Amino acid sequence: MKIAVEGCCHGELDKIYETIGYLERREGVTVDLLLCCGDFQAVRNQGDLKCMAVPPKYRNMEGFYRYYSGEKKAPILTIFIGGNHEASNHLQELPYGGWVAPNIYYLGYAGVVQYRGLRIGGLSGIFKSHDYRKGHYEFPPYNQQTLRSAYHVRNIEVFKLKQIRGPIDIFLSHDWPRGIYHYGSTEQLLRKKKFLRSEVKSNSLGSPAAAELLAQLQPSYWFSAHLHVKFAALMQHQPQNDSPPRTTRFLSLDKCLPHRDFLQIVEIEDRPGAPEQLEYDPEWLAILKATDELLNCTPCNWNTPENNGLHSRWDYTASEEAKQAVVRELGGDLHIPENFSVTVPVYDPSRPQPQLPPCYALNPQTTEFCATLGLTDIYARAGQAGRATEEREGESEEEEDNQSSGSAEEPSEYPTDSSGLSSSFNPDEITIEEEWEEEEEGAGKEKSKAAGGGSLPADGETSPAPPAIGRLVLPSPRTPEVPLFSLDLPPAASSPAPAPPPSTDGSPSEGGGGPLPPLRTPKRTSGETGNSGDTGNTPKIKRRNQTIYTAQDDEGSEG
């Protein structure tokens with residue numbers, strides 16, 4: 001089965017599907033599945049734009065609304081996770097996953113599904129330690145704090161994923177597992193992204209939560225995005241129990257722009273005789289049922305159950321009996337119903353509504369799913385709690401107004417307006433404003449390139465003879481390249497492992513990996529052409545608060 005992997009989508013669905021179609025014609029292949037690693041931007045109307053954490057000047061309607069309205073249909077089954085530039089109010093309607101448009105499926109806050117026998121899991125959002133132990137309490141309209149915390153990873157989702165015992169074939173995350181850069185060509189990465197050097201050196205780049213999942217789940221493939229650079233790694237894990245050591249092939253891709261490494265086609269063997277439809281995963285559904293009692297829909301911190309004498313239960317793994325019970329509840333049919341429905345007004349280009357407020361709507365897919373399995377609709381509960389809080393705060397404000405002397409408010413030593421913080425302290429990523437500034441700076445270079453002739457190599461690429469388009473090239477201790485679409489890699493056990501990164505729970509990390517050969521991926525065709533000599537300079541990101549960005553917070557996380 002040939003799978004197209006996309007880095008950051010940024011709403012460019014049309015361009016992504018066009019690129020896949022071009023590669024299919026050029027290479028004579030058929031792509032069966034598209035996986036998107038976040039920043040999907042499923043924006044349905046101009047109200048959704050207000051729920052996306054980007055500067056206002058970048059809140060533009062892209063093409064997703066045409067797929068949402070039915071004007072267009074995705075030509076390939078598409079599965080995606082959330083990143084940190086999303087229409088959060090839309091994705092929150094589907095906390096357990098669901099269809100955002102016909103043939104486009106969201107995995108939810110965390111999820112596992114099956115397609116043609118492959119188990120595909122994912123974790124949406126990015127890691128921030130100050131929100132990690134909170135519940136999913138956000139609902140629209142968002143303030144400056146909740147606009148960002150809505151896409152931060154929570155410990156409950158990681159806890160659920162850590163209950164999985166069956167093998168995972170593919171796993172998706174938006175930010176990288178912390179330490180994965182030790183298992184590929186670190187120097188090549190730093191030549192492309194020089195500003196990451198201090199974080200790589202201090203081993204503070206990436207998500208410690210994702211690193212724990214990588215160590216425990218040990219999927220065959222792990223795909224990420226977020227840092228807007230192509231990077232491949234090969235990680236050999238320590239053997240568990242009496243099982244042979246497993247290997248994870250890691251690949252991160254760029255954002256969808258001309259002449260960027262944003263798309264890769266890989267071939268993964270599916271299971272003969274497996275259904276051609278997208279299916280629920282029984283183990284995952286059993287875990288969801290078992291952990292429903294643990295849900296926290298408040299901003300209060302919550303600790304996952306541990307075997308420390310304080311919890312009556314800490315093991316929520318799924319037994320065979322629990323899996324069979326879930327299958328019975330679904331009537332023996334694991335096929336995910338194609339029950340997409342429109343829940344909010346769709347954008348009409350002929351009648352723009354820039355003042356449309358963010359919509360809060362419950363999704364019938366989630367309602368049906370929760371009713372079938374006896375689960376809690378997280379978004380509905382968060383909305384109920386939020387409205388109750390607003391009512392209490394409104395009553396309190398009225399009382400304060402009645403008691404006020406009318407004097408001007410003095411500035412507080414501890415400002416409560418987080419909008420001021422958002423512009424100066426926002427280390428959620430390469431930072432929201434700054435990564436868009438990188439794009440602005442690059443725009444002038446793209447225009448100058450368009451005046452020349454010939455195609456452009458990737459940023460920082462100097463190899464005169466890159467591998468063939470469509471090839472997944474991974475570092476290997478024995479051979480520099482992998483054949484086109486090949487899965488078979490030589491064993492990595494004979495290669496000395498780099499210094500393992502520390503684990504957040506104190507458990508030892510795994511070794512493996514080797515040098516990464518020059519690599520290249522299919523580029524989107526574009527009318528922009530230019531002189532290849534202009535591409536050697538990596539655009540530098542403005543960092544108005546570099547010391548704040550690189551400083552570790554209270555839990556040592558700056559994912």
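**Entry 1: the sheet**

I started with the strands and found six of them in an open sheet, ordered β4-β5-β3-β2-β1-β12, with mixed pairing. Next I looked for the edges: β4 (98–101) and β12 (263–267) each pair on one side only. I also looked up the turn between neighbouring strands of this sheet, and on average it is 30 degrees, direction ignored. A reminder to myself and to you: this is a predicted model.

**Entry 2: one edge and a helix**

I then followed the edge strand β4 to β5 (residues 104–106). The two strands run antiparallel and are joined by three bridges. Which residue of β5 is the bridge partner of Ala-101? I found Ile-104 there.

After that I turned to helix α1 (residues 13–27), which packs on the sheet. I noted that α1 touches β1 (2–6), β2 (33–36), β3 (78–80), β5 and β12. Against the direction of β12, the direction of α1 makes about 50 degrees.

**Entry 3: two helices that cross**

I keep a general habit here: two packed helices are described by the angle between their axes and the distance between the axes. For helix α11 (residues 282–291) and helix α12 (residues 320–329), I noted axes that come within 8 Å and cross at roughly 95 degrees. Angles from 65 to 115 degrees count as roughly perpendicular, so α11 is roughly perpendicular to α12.

I wanted to see who meets whom. On the α11 side I listed Pro-282, Glu-283, Leu-285, Ala-286 and Lys-289, and they meet Ala-322, Lys-323, Val-326, Val-327 and Glu-329 of α12. How many residues of this contact are nonpolar, polar and charged? My tally of the contact of α11 with α12 is six nonpolar, no polar and four charged.

**Entry 4: aromatic rings**

For rings, I look at two things, as a pair is described by the distance of the centres and the angle of the planes. The count comes to 19 aromatic pairs. I picked out Trp-176 and Phe-231, a stacked pair with 5.3 Å centre to centre and 15 degrees between the planes. This pair links distant parts of the chain, 55 residues apart. I found Trp-176 in the loop between β8 (170–173) and α8 (186–192), and Phe-231 in strand β10 (residues 231–236).

Are these two rings' residues buried or exposed? Buried means under 20% relative accessible area. Trp-176 has 1%, so I noted Trp-176 as buried. Phe-231 also counts as buried, because its relative accessibility is 1%.

Last, I traced a cluster linked by ring pairs: Phe-40, Phe-64, Tyr-68, Phe-80, Tyr-106 and Phe-340.

Terms used:
Residues are numbered from 1 along each chain as its sequence is written. This is a predicted model: local features need pLDDT of at least 70, side-chain atom pairs count only at pLDDT 80 or more; totals for chains, interfaces and linings use all residues. Side-chain values use heavy atoms; hydrogens and water are left out. Two strands pair if DSSP finds at least two bridges between them. Helices (H or I, at least four residues) and strands (E, at least two) are DSSP runs, numbered from the N terminus. Axes are lines fitted to C-alpha atoms, for helices over the stretch in contact, and angles run from 0 to 180 degrees between N-to-C directions. Contact means heavy atoms within 4.5 Å. Angles under 35 degrees count as roughly parallel, over 145 as roughly antiparallel, 65 to 115 as roughly perpendicular and the rest as oblique. Ala, Val, Leu, Ile, Met, Phe, Trp, Tyr, Cys and Pro count as nonpolar, Asp, Glu, Lys and Arg as charged, and the others, Gly among them, as polar. Rings of Phe, Tyr and Trp (its six-membered ring) pair if their centres lie within 6.5 Å; planes under 30 degrees apart count as stacked, over 60 as edge-to-face and the rest as tilted. Buried means under 20% relative accessible area, exposed over 50%, partly exposed in between (1.4 Å probe, protein chains only).
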